[in-house]
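Colleague: Before we look at anything in particular, could you show me how to read the way helices are arranged in a model such as this?

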Amino acid sequence: MAADMQGKVCVVTGANSGIGKETALGLARLGATVVLVCRSQERGAAALAEIEQQSGNDSVSLLVADFSSQRQVRRVAAAFRQQFDRLDVLVNNAALSRRHRAVTEDGVELTLVVNHLAPFLLTNLLLDRLKASAPARVVTVSSAAHKGAEINFADLQGEQSYATFGFGAYSQSKLANVLFTYELARRLEGTGVTANCLHPGVVATAIFRDTPLWLRVGLTLARPFILGSAQGADTVLYLATAPEVAEVSGRYFEKRKPVQSSPLSYDTEVARRLWEVSEALTTASGPAAVGD
Ligand SMILES: NC(=O)c1ccc[n+]([C@@H]2O[C@H](COP(=O)([O-])OP(=O)(O)OC[C@H]3O[C@@H](n4cnc5c(N)ncnc54)[C@H](OP(=O)(O)O)[C@@H]3O)[C@@H](O)[C@H]2O)c1
């Protein structure tokens, strides 16, 4: 039986395309109040119109933030807090993969920022709303790409090695998503707020648009054999809404099933250290941070 999401407030980041848009649409179809967090006003407004039209739900709104800017992440969190007094589901979905190394306005490597530090910061800034709305859920879209990665604390921002086409930075950020989820789940024990992450499958989206031409051609040729965005959103929606996982926390899912993530992802010392480094890089430990 489909979950009834009437009265629930859900935030989906990166909601204007691919898996995020399908997730937002699925939540809207279930009757939730859905807040799309998008980088572009124009693309976000187009997605909002489409989602409202397809779901028949007009409780969909848009907040704009470029996650490469911590100032914008803070601003969007403040705007959300001003407009909504509860948060039932936070879906951390937005991510990118970049071929060449870039540094943000905060002086930090772009992939690490958008894929890990931005969701880390946003989650922390909204945590009191989640706790006050418990039972509540944080769902973070990771990737099986995390399995080949390690957290290179000596060169976390790829200054010495920005591996082939940025895949090293991407897979490190996806491992960070898993470590973050597990550490968050430990810190949230007993609060009624769960934290889970997932691999959505290999999905035909725009995520690898900034890759060499031959790779994009290969991905285009492979399209008939890979999942559509709606299929990619299936496990995200499952974790965000299904009654049977309401009390499951600190797990990594594929195809709606909890499965093992990489051995390194279970290293609590690495997770604790990554949390501390992430706090230092975002100065997240303000009044809305975990534990306050
Ligand atoms: N596709 C796959 O095969 C696959 C496999 C494993 C995991 N995943 C994960 O699935 C999630 C969704 O990706 P997708 O495949 O659906 O790709 P996508 O269609 O490219 O969606 C990515 C979303 O993130 C947003 N985003 C990118 N940079 C941003 C920034 N600086 N600030 C704010 N938002 C930003 C994009 O906005 P714009 O449209 O404005 O760029 C877009 O809405 C990601 O976490 C990805 O790592 C995907």
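**Reading helix packing and burial**

Modeller: This is a predicted model, and a good place to begin is that helix 4 and helix 5 are roughly parallel to each other.

Colleague: How do the axes of helix 4 and helix 5 cross?

Modeller: In general, two packed helices are described by the angle between their axes and the distance between the axes. Here the axes of helix 4 (residues 110-132) and helix 5 (residues 167-187) come within 8 Å and cross at roughly 15 degrees, and because angles under 35 degrees count as roughly parallel, the pair is given that description. The crossing of helix 4 past helix 5 is right-handed. Helix 4 contributes residues including Leu-112, His-116 and Phe-120 to the contact, while helix 5 contributes, among them, Ala-169, Ser-173, Phe-180 and Leu-184. By class, the residues of this contact comprise 7 nonpolar, 6 polar and 1 charged.

Colleague: Is helix 8 largely enclosed or left open by the rest of the structure?

Modeller: For burial one counts neighbours, a residue being buried if 20 or more other C-beta atoms lie within 10 Å of its own. In helix 8 (residues 234-241), 7 of the 8 residues are buried, so this helix is largely enclosed by the rest of the structure. Its buried residues include Val-236, Leu-237 and Tyr-238, and among the elements covering them are helix 1, strand 1 (9-13) and strand 5 (136-141).

Colleague: How many residues of helix 1 are buried?

Modeller: Of the 12 residues of helix 1, 11 are buried, so helix 1 too is largely enclosed, and its buried residues include the charged residues Lys-21 and Glu-22.

Key
Residues numbered from 1 in each chain as written. Predicted model: local features only at pLDDT ≥ 70, side-chain atom pairs only at ≥ 80, totals over all residues. Axes fitted to C-alpha atoms, helices over the stretch in contact; angles between N-to-C directions. Helix = DSSP H or I, 4+ residues; strand = E, 2+ residues; numbered from the N terminus. Parallel < 35°, antiparallel > 145°, perpendicular 65-115°, else oblique. Left-handed = near helix turned anticlockwise from the far one by under 90°. Contact = placed C-beta atoms within 7 Å.
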